Amino acid sequence: MAYIELNKVTFSYPDCFEPAIRNLSLKINKGKFVVLFGSSGSGKSTLLRLLKKEIQPHGVLNGEISINGAPIQETTGLSKEIGFVFQDPENQIVADDVLHELVFGLENIGLKTNEMRNRLAEMVHFFGAESLLHRKSHELSGGKKQQINLASVLLMQPDILLLDEPTAQLDPVSSREFLDMLKRLNEEFGMTIIMAEHRLEEVFTLADEIVMMEKGQILFNGEPREVLPQIWNSKNQAFVPTIPRLFLSHKGTGMVPLTVKEGRNWVQESSAFFSEESKKMEYPIGDERIGLKNLSFRYDKKNDFILNDLDFSLAKGEFYALLGGNGSGKSTFLKVLAGLVKPEMGKVLVNKKKTKIIKNIELINLIGYLPQNPKLFFIQDSIEKEIQYTMKHWELNNVDEVDTLLNNLGIKHLISSHPFDLSGGELQKAALGCLLIRKPEILLLDEPTKGLDPISKQNLADILQSLHSEGMTILMSTHDVEFAAQYATKCGMMFQGKITSEDVPSEFFKGNFFYTTMLQRIARDLQNRAVQTVSEVQ
Amino acid sequence: MKERFEKFHPFIPFLFYVGAVSLLLLLLHPFYLGVGLLLILIINFFHDRFQGLKRWLFLIITSFILMIVINPLFNERGRHLLFEVGQHRVTFEAVVYGGMNALSIIGVIAVFVSYNVIMTPNKLLFLFAKILPQFAVLLMLTLRFIPLMRRRLEEISVVQRSKGISVNQGKWSTRVKTGMLYVQALLTYSLEEAIQTADSMKARGYGNGPRSSYEYFKFKKTDAVAAVYLVGLFVFILFNRVHGLGYLTIYPIMETWQLSTMDTFVLVGYILFLSFPIIIEAGGLFRWRILN
């Protein structure tokens, strides 16, 4: 008897025609690390939620779910046995400071103070979070917040840990740290972990078992190395991470490599084939469109400068990807560029002419800015109204053009919905649509790839590329190295409030150790060749 | 001050502040008030060299002036005439009465400034969590939510500015409309996000049974001694206050300002009570000197 068993489970939300989970059977043994993946809306979250009684969604449930032999409906005190970590690090937090947040669950189950102290001391030590205990929860970085959320759940000593895209909002370094923590929990304590995830590059190396879902059903299920070739041979190639992709696209034989180490071994053995010239399309790069000179900015007189003496120039027709760690000032930089916050010192040049910083109308007309959280973009309660509002505000009246635009973006059928009812990818496209109506010359995108599943990401890439080929100048900040390497014409690194290096991708990624693509890592000191992405290899 | 007075169990400072406020309001006598205010200023000085008080300076000065001016303006009673403005009598009694009230109010404000330094939300939360656990959760959520909403509103307005929409420019009517839209967006967004918070609370077993509370403050022996000290003095002063001591009767006939023997005793008690944080700190410094 398996530890967690789902037997012919069907679940539908109220007022929904299609069931969210359809006749799904799954067995998970104790101590396994299971990764659920699939495009958004495939039922991953619903499945996870069904496993935890307290947060089971409302709807009609058929079939049996049993944990440790007992049907889930009859069990009591589940909160202690099953821990759940959600996607958004900020929204899960209840308390104003870290200590209260950590003990929140323990207080709820009415634990004695003494035992709380014991558990807390242990857990804080395990996480190395002593210095955070008395900090305000909102001051922490996303990665730290998510670790606190995990710690708070772990304090309740669960046997099963469920995670719903826990690293979607984190930068690569924090997400790596978070995943390492999960790996430790799984290996050292034998905790059963089920995680839904989009960022597959790293999690496949940790997983004992991967489950691919589509439309409420399980498509593939098994060990990563066995399942990956099957996925590659189906229409879901986008879900195969870079290293196995390299292997499979060259019809390699033997064990499918998952890690950089395995990948490198395989490349060496099979004496593969890195072509040196890239097949990237050449785009005409024009004159400088926007420039910054000696720019400095800080949010508060008491604080340090976030942007410090920064020089920058963005030429017409460029597709610029800005990389850099959390808190290095990427978002602030984009805001300054979009004229949303005023620099303390320095000049903003448009077409090499100094702008009047006070009004910024010039910049706003020129630039379309997509915020990191597209939910904040909408102030009307449907996409349609938002579009009308924008058209009225900018005195536009070419309805046909708007129609074509929406069709091109593939969001025509969504325009009557509320923005919050859309998935991450759809929401972004909708916001992008509202921006493009007024035809800005420059697009500024603040981490557009955050939290997108591989298919939406591909979709976004296609849209951006077609815009770019039509002459749009694009500047985006991103943590997604693979994305930047594949599509950008220029990459820059933000560090300590300055752009410390910038170059074309092939040169830019050659020298980096962390900020580089998986393939680059494999190719490092192999025949002295540099390759960034699979599409270049093929 | 930070070091020692803050180290007490939160109940002790709470007791002190409740006591201090009630004494300042009850013992209306120029001597008492003058001494009391002086002590509280010293306490504030120890906290942060009047940094906190400076922010309240405007309120303090205006309320002081208003109270001193307004009472004689409306109140003509009293035997000691100071001067006459037209038909209006300005009496010594009225000035003294207004002055005492003003001092008392300033004192209370200064006590609250100090309270804000010592009684962090955490301590308050802790005090309440024991009696009303559900209320404590509510308080906790509120503490987090107010700054959160403010940050979100700021984010919304930044993003909207990028769309050319602003509440700072244009016609008043459109500005108001835009402002309403902001608030609407803020509320929808916050409610939407709050669903996740609720889920996360439920997932951690909230609402399943009686809550306990994590106590990181222990009630030590010194706390007990301090509590006895404070309560004892307070009861002593209150008892005498009920019997008419420590209070300057103004109407119908103003008493002499001079303190009786018993009045002086009460004053000593009053000083001992209000200077509790100072004594603690001074004792600490003294000890530190000896040990080092």
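Colleague: Let's start with a sheet in chain A. In what order do the strands of the open sheet of four strands come, and how do they pair?

Modeller: Happy to begin there. In chain A, the open sheet of four strands runs in the order β12-β11-β14-β15, and the pairing is antiparallel. Its edge strands are β12 (307–315) and β15 (353–354) of chain A, each of which pairs on one side only. Please keep in mind that this is a predicted model.

Colleague: What holds strands of a sheet together, in general terms?

Modeller: The general idea is that strands pair through backbone hydrogen bonds, in a parallel or an antiparallel way. Now for the case here. Five bridges link β11(A) with β14(A), and these two strands run antiparallel. Strand β14 (residues 345–350) of chain A is in turn joined to β15(A) by two bridges, again antiparallel.

Colleague: Which residues can I click on to follow that pairing?

Modeller: Try A:Leu349 of β14(A), which sits opposite A:Gly291. A:Leu349 also stands opposite A:Lys354 in β15(A). Next, look at A:Val350, whose bridge partner in β15(A) is A:Lys353.

Colleague: How many residues lie between the strands in the hairpin of β14(A) and β15(A)?

Modeller: Two residues lie between them, and in this hairpin A:Asn351 takes a positive phi near 50°. Another residue to check for its phi is A:Gln157, which is not a glycine yet has a positive phi of about 55°. You will find A:Gln157 in the loop between α5 and β7 (160–164) of chain A.

Colleague: Back at the sheet, which helix packs on it?

Modeller: That is helix α11 (residues 330–337) of chain A, which touches β11 (288–297) and β12 of chain A. The direction of α11 makes about 120° with that of β11(A).

Colleague: Now to helices on helices. What describes two packed helices?

Modeller: Two things: the angle between their axes and the distance between the axes. Take chain B for a worked case. Helix α4 (residues 51–74) and helix α5 (residues 92–118) of chain B have axes that come within 8 Å and cross at roughly 165°. Angles over 145 degrees count as roughly antiparallel, so α4(B) and α5(B) are roughly antiparallel to each other. Their crossing is right-handed. By class, the residues of this contact are 19 nonpolar, seven polar and no charged.

Colleague: And α3(B) with α5(B): are they roughly parallel or roughly antiparallel?

Modeller: Helix α3 (residues 30–48) of chain B packs on α5(B) at an angle of about 25°, with the axes 9 Å apart. That makes α3(B) roughly parallel to α5(B). Here the crossing is left-handed. From α3(B), the contact takes residues including B:Leu33, B:Leu37, B:Ile40 and B:Asn44. From α5(B), the residues include B:Met100, B:Leu103, B:Gly107 and B:Val111. The contact of α3(B) with α5(B) divides into 14 nonpolar, seven polar and one charged.

Colleague: Can you show me a helix pair in chain A as well?

Modeller: Certainly. α3(A) and α5(A) pack at an angle of about 35°, and their axes are 7 Å apart. α3(A) passes α5(A) in a right-handed crossing. The contact is made by A:Val98, A:Glu101, A:Leu102, A:Phe104 and A:Gly105 of α3(A), together with A:Ile148, A:Ala151, A:Ser152 and A:Val153 of α5(A). Six of the contact residues are nonpolar, two are polar and one is charged.

Colleague: How many residues does each chain bring to the contact between chains A and B?

Modeller: Chain A brings 43 residues, and chain B brings 43 residues. On the side of chain A that touches chain B, the elements giving two or more residues are α3 (98–108), α4 (113–127), α5 (142–154) and α13 (383–393) of chain A. α3(A) gives the most, with seven residues. By class, that side of chain A has 22 nonpolar, twelve polar and nine charged residues.

Colleague: Where in chain B is there a cis peptide bond?

Modeller: A cis peptide bond joins B:Tyr251 and B:Pro252, with omega about -5°. B:Pro252 belongs to the loop between α9 (221–242) and α10 (261–274) of chain B.

Colleague: Last one: what scores does the model have?

Modeller: The model has ipTM 0.84 and pTM 0.80. For chain B, the mean pLDDT is 88, and 99% of its residues reach 70 or more.

Technical notes:
Residues numbered from 1 in each chain as written. Chains lettered and ligands numbered in written order. Predicted model: local features only at pLDDT ≥ 70, side-chain atom pairs only at ≥ 80, totals over all residues. Contact = placed C-beta atoms within 7 Å. Nonpolar A, V, L, I, M, F, W, Y, C, P; charged D, E, K, R; others polar. Pairing = 2+ DSSP bridges. Axes fitted to C-alpha atoms, helices over the stretch in contact; angles between N-to-C directions. Parallel < 35°, antiparallel > 145°, perpendicular 65-115°, else oblique. Left-handed = near helix turned anticlockwise from the far one by under 90°. pLDDT = per-residue confidence, 0-100.
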